[in-house]
Every structure is written in structure tokens, then in C-alpha cells.
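The following note sets out numbered comments on the model, for use alongside the sequence and coordinates. Each point may be read separately.

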Amino acid sequence: MATLELIVELERKYLLQTYYRYPVALSRGKGVFLYDLEGNRYLDCVAGLGVNALGHAHPRIVKTIREQAAKLIHVSNLYYHEYQGVLAEKLCSLSGLNRAFFSNSGTEAIEGSIKLARLAGHRAGGEAKCRMVALEGSYHGRTFGALSLTGQDKHRKGFEPLLEDVTFVGQNDVEGLRAAVNDNTCAIVLEPIFGEGGIYECSVEFLQECRALADRHRAALIFDEIQCGLGRTGTIFAFQSFGVTPDVVAIAKPLAAGLPLGAFLAKEEFATAISAGQHGTTFGGGPLACRVALEFLTILEEEHLLENVNKVGGYLQEQLKELVGKRGAAKEVRGRGFIQGIQLDIPARPIVDSALEQGVLFNSTQDTVVRFLPPFLLEEKHVDRGMRVLRKLLGKKRKAA
């Protein structure tokens, strides 16, 4: 039987050393819990960085995978299959956008969105209409186009030169945005809620100005909802929580309940800029992933999981806010639904390490933020368990002045 030590040694010897892994090997999951090789149980407040929105081993997902794997797993996009069009119709209906393209991942969805915006820009304003505006502190992925839009030096360093036609502005800096967008802008690209950037929300005023400027300058407004979309804010799409509709939205993480599947959805005005042969994928939109994605969306509706995200997400925020002012290290709570973070004035990684030892999986981002991306099945009793551990780790109560 495999041991943690053997697994670690094999990875150390044969894998590129690109991850700072936690010292645990997970072997199975059920609902909101994961289990390691020794059978120890962990409350999962990370959900595969937002992928496992239905938790682990959801019976309807397991059944769907088994049935479809016995029929057809993959077929080239040279041919039709019965699920891709149905899934595209469902996503367009839910979003109000018109067309979909399926990829393998979120970063590929961003790459496709960039290509679409460039084509539409060139059609509208010639080759000079190629510039993009992105946000400082943002994160869009690790391929070259996505990295070019990522406003964090720590991710970009060492990989330059990247795409040169990108201007960064501060999140919610309306005046900076106005100065950056002009007739040569083909796209404004943003996350409505920063994920890796520390759970910071764009203001409604800022998003409305993005919409107005994109319209004025015939640029594509692209929302990256790879982490915050598909139910995590309590609405199917995060933009529905803010009341501002983009021209293109990129989605991925929970879409196929753990199988690799991403997509970007676009308004017809931009979708018509691309033609056959200008973009493609080998694996994206295969029958297995698309059928599972359809089941995921059905489960969201039939099990009333958006209502649970709103209800339990509200409870989670209340509990986190109680820590601010009472626990010396807790400074601020940000986010909504099941994408939230608590800002600390101490490093977050030791808190996450200690919580792991006590059977709770948290995640740290931006060095001093503990991030919560739990499965949509999380209940208030699970929040209580996580909070008991977090209270203990954040130390003694702050003394009154």
C-alpha cells in the first residue's frame, strides 16, 4: 500500500517542483469531507480551489460518469455528439449570452476570450484596435495571454516579455479606468471578485463604468468568473449579483463537477467575429464532460443549492465577522456566498497548516488571507466546526482599550 512518504519521494524525484504541497495524501471523499490514506477525516473548505462545488462522490455525478463512460468518453470535434449543443443552450439561457465555446480549463477560456476580442477589435477598428485593459492585483491563469492580463508581479516575473498591449489600472479606480480606455482598446478584462488576489470585490459603480466605456469605445467587456461563477456568489453567474452584464464571460472550475471543462460565452456581436479554423481544441467539450456538466446544473436547481449558498454563506460571514475585533489577528472579512476571505495581520500559511492537523482544510492567499471556497453542500454545523478550529488558532481575544 502507498504511504505518504513514498508518494512524496516519487514526486520529489520525478515531478517538476512547482507546488508547495501540504503534508497529506488524500485518498477518498464523501460530501463535504475528505479522507487521507490513514483514514483521517478533514472538513473541506477548499473544494479543490472551487472545483468540487458538489462535494465529493455525489451519487448523481458518480452514476452519470459511470453511464457515459460505458458509452462514449471522447470524440473529436470533427463530429457531433448529443450533449455539447444542449449544454451550450443551457449556459446561454442561464447567462443571457448567445454562444459558447468549450475548452479544457479556465486559462484556456481566457485565451479564447482574448482571441475573440482581438478579432472583433480588428473588425471594428483595424489592427490598431488591439489594446487591453486589466486590473492590478488580478489573476487570470498561467498561459502567456492569461499571464499578460494578471496584475501580480510574482506570477509574471521571469516569463517576460509577455503581451505588450496591456494597461493595468487599480481595482475600483474609475478615473484611472477612464484614462486607460480609448478607441484602440479591444477589451476590458476583470474578475468581479478577485480570487487568488485576496477576495476583493469590484464595486458596482466601477463595473457600470466598465460597461459604459466598453460600449462607448466598441470594446469587449470580459468577466473572468472562473472562480467566482457558477453559483459561488449565490447566483448562477457572479455578474448577476452585481447587475452588470459582460460581452464575454469565462467559466470553468465547477462546471463538470471535477472533470476538466471550461468555457467562454459571448454575445452574438462578438461571437460572429470568429470563423471556422480560427480556434479549436482537442479535448474541450467532449461527451463525458458535457453530460456531467448538464447533470451539475440540474443538481444545482433540483437540490436548491443556490439557496443554500446564500443562507449558509450568510451564516459563514456572520461567524467570520465575529472574529474581527475579538481575535487579535483578525482584521477584515470580504466576499459573499461561498467565496470569502478573512484578512489577518499575521501570515496565513501557519494557520492553514495547523488547521490541517486538526482536521479542517482552509486555504491561504496573498500571504495574510485565509480563503473559504467550500462545497455548496456545506451546512451551518460544518461552519461551526471550522470556526471552532479557527478561533483556537487565531489566539486570545483582543483586550478592550
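1. C186 is buried in this predicted model, since its relative accessibility of 1% lies under the 20% limit for that class. The closest cysteine sulfur belongs to C130, at 6.5 Å from the sulfur of C186, which is too far for a bond. The cut-off applied to such a pair of sulfur atoms is 2.5 Å.

2. C210 gives a second case. Its relative accessible area is 0%, so this cysteine also counts as buried. The closest cysteine sulfur to that of C210 is in C202, 6.9 Å away, and again the separation is too far for a bond.

3. How many disulfides does a search of the whole structure find? The search returns 0. For reference, a disulfide is a covalent bond that links the sulfur atoms of two cysteines.

4. As to the overall fold, the chain contains 15 helices and 15 strands. Its radius of gyration is 21 Å, close to the 21 Å expected from the globule rule for 401 residues, so the chain is as compact as a globular protein of that length. The C-alpha trace extends over about 60 × 60 × 45 Å along the principal axes.

5. Burial and contacts may be taken together. Of the 401 residues, 52% count as buried. Among contacts in the chain with a separation of 6 or more, 72% are made by residues 24 or more positions apart.

6. Concerning the surface, the chain exposes about 18,400 Å², and 53% of this area is supplied by carbon and sulfur atoms. The charged side chains comprise 47 positive and 46 negative ones, and the centres of these two sets are 5 Å apart.

7. T282 occupies the loop between helix 11 (268-271) and helix 12 (287-302). With 53% relative accessibility, T282 counts as exposed. Which residues does T282 contact, leaving aside its neighbours within four places in sequence? They are H74 and N77. By contrast with these contacts, the C-alpha atoms of T282 and K253 are 19 Å apart in space, at a sequence separation of 29 residues.

8. A69 belongs to helix 3 (residues 59-69) and is partly exposed, at 35% relative accessibility. A69 and P287 are separated by 218 residues in sequence, while their C-alpha atoms lie 9.1 Å apart.

9. The backbone contains some features that merit inspection. Most peptide bonds are trans, and most residues other than glycine have a negative phi. The bond joining E160 and P161 is a cis peptide, with omega of about 5°. P161 is in the loop between helix 7 (153-156) and strand 6 (166-169).

10. N172 has a positive phi, near 70°, although the residue is not glycine. N172 sits in the loop between strand 6 and helix 8 (174-180). Its relative accessible area of 30% makes N172 partly exposed.

11. H304 likewise has a positive phi in a residue other than glycine, here near 55°. The loop that holds H304 runs between helix 12 and helix 13 (305-323). Is H304 buried or partly exposed? H304 is partly exposed, because its relative accessible area is 49%, and the exposed class begins over 50%.

Methods:
Residues numbered from 1 in each chain as written. Predicted model: local features only at pLDDT ≥ 70, side-chain atom pairs only at ≥ 80, totals over all residues. Heavy atoms only, no water. Helix = DSSP H or I, 4+ residues; strand = E, 2+ residues; numbered from the N terminus. Rg over C-alpha atoms; globule rule 2.2 N^0.38 Å. Buried < 20%, exposed > 50% of the residue type's maximum accessible area, 1.4 Å probe, protein only. Contact = heavy atoms within 4.5 Å. Areas by Shrake-Rupley, 256 points an atom, 1.4 Å probe, with all protein chains shown as cover. Lys, Arg positive; Asp, Glu negative; His and termini not counted. Charge placed at Lys NZ, Arg CZ, Asp CG, Glu CD.
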